[in-house]
Amino acid sequence: MTEPTVHDSFVGNSVALPRLSSSLTVSSSTDDENKRSTWSRQLDFFLSCVGYAVGLGNIWRFPYLCYKSGGGAFLIPYVIFLVICGIPLFFLEMSLGQFGSLGPIAIWKISPIFKGLGFGMAIVSGVVCVYYNVIIAWALYYIYQSYSVSWSSCENAWNTPNCVSQNDMNVLLNNTSFTNISDLYNSTFKVLKQSTGIENMGAFQWPLVLSLFIAWILVFLCMLRGIKSSGKVVYVTATFPYCVLLCLLIRGLTLPGAWNGISFYLSPQWEKLLTFKVWGDAATQIFYSVGAAWGALLTMASYNKFSNNVYRDSLVVPLINCGTSVLAGFVVFSLLGFMAEETGKSVADVVSEGPGLAFVVYPEAIARLPVSPVWAFLFFFMLFAVGLDTQQILCFI
């Protein structure tokens, strides 16, 4: 078989260059093409990329970061870093994986000096896998607790003296000021079993241990047949969160105080663009959100067919990822505005980030909605799906 020429290597918009063999010599052998399996359908790969890129940070980090870093003004550095850093890195890593058809460790044989990069990617992804499965376990346990929204009352043995029920809220608003939003229902004491501090490790919380075990079993089942099984799971886990976000957004916009929360979220503070920290936060969020340089994009792209239009995918997926972050901000702050209205606080007093937003503040807000068990189930199942998407891809590395 003759070697392809440079002219022949460009097919449509896709770059169809020869693959790297294990000895790093150019080869167009059919045997080399068949050594690594490929995605059953290209949509499997696309949804896997979307599910990997759209993670928990889009829901619990970006909204808070946007509010803290200038509101609508923050979108300017965010989009700039998306264009000059996020998309190019995404394209670079996916192109390298698709071209070499090798994983993150083997691909760096292309230059021995970079060999440590592959091991670094594998180590970082392994650490994140442990962390992500804990989050998935929390989501599973909250799903179980959602049938009764057990954190919504003060008639439990685990409530603290600061607990205030919703029925008494209106009476106490004129006489009492709450210093912490968790004083309302104290959900962390029941569900997460939060200790008094890091110096007090506490005992094993067996319901959470069981949830963590179930989480690992579910990840294993999703990966049981490699990309053949995980490529089918993403049809649910990558699309269902958008259905929930839209439902929560529509419901949130109908609540009193919702528009105050959204205004608080997007009101531009142009002067903050003059601070270096805002630009640093925008760059950090882009790097974290698109998931470049972790090895997952290399791995997923390595299962692509050689003629796949990687350029198109590298543009569309980061744009979907960033659009999801903005949408999640509307969802989060519409409910935070409602909660601020309900408790007589300002939005700034109830806003939070990270696990505190997803597992403390947001559950408190959901508990105030009519038919709260349904909304609680939808929200925590969405967190479970988002976490599972990212987790199963990281475990491939």
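The following exercises concern aromatic ring pairs and annotated spans in a predicted model.

**Exercise 1.** Classify the ring pair formed by Y67 and F333, and state where each residue lies.

*Solution.* A pair of aromatic rings is described by the distance of the centres and the angle of the planes. By the pairing rule, the model holds 30 aromatic pairs. For Y67 and F333, the ring centres are 6.2 Å apart, and the cut-off for a pair is 6.5 Å. Their planes meet at 55 degrees, so the pair is tilted. Y67 belongs to helix α4 (residues 62-68), while F333 belongs to helix α15 (residues 310-343). With these positions 266 residues apart, the contact links distant parts of the chain. Both Y67 and F333 are buried.

**Exercise 2.** Classify the pair Y144 and Y147, and decide whether these residues are buried or exposed.

*Solution.* The ring centres of Y144 and Y147 are separated by 5.6 Å. The angle of their planes is 50 degrees, so this pair is tilted. Both Y144 and Y147 are exposed.

**Exercise 3.** Which residues form one aromatic cluster with W60?

*Solution.* W60 is joined in one aromatic cluster by W138, Y142, F359, Y362, F379 and F380.

**Exercise 4.** Describe the helix content and end separation of residues 45-63 and of residues 75-96.

*Solution.* The unreviewed UniProt entry annotates several spans as "transmembrane region", including residues 45-63 and 75-96. In residues 45-63, the end C-alpha atoms lie 28 Å apart, with 84% helix and 0% strand. In residues 75-96, the corresponding separation is 30 Å, and the span is 100% helix and 0% strand.

Notes: Residues numbered from 1 in each chain as written. Predicted model: local features only at pLDDT ≥ 70, side-chain atom pairs only at ≥ 80, totals over all residues. Heavy atoms only, no water. Phe/Tyr/Trp six-rings, centres within 6.5 Å; stacked < 30°, edge-to-face > 60°. Helix = DSSP H or I, 4+ residues; strand = E, 2+ residues; numbered from the N terminus. Buried < 20%, exposed > 50% of the residue type's maximum accessible area, 1.4 Å probe, protein only. UniProt positions renumbered as here; feature names shortened; annotations may be inferred.
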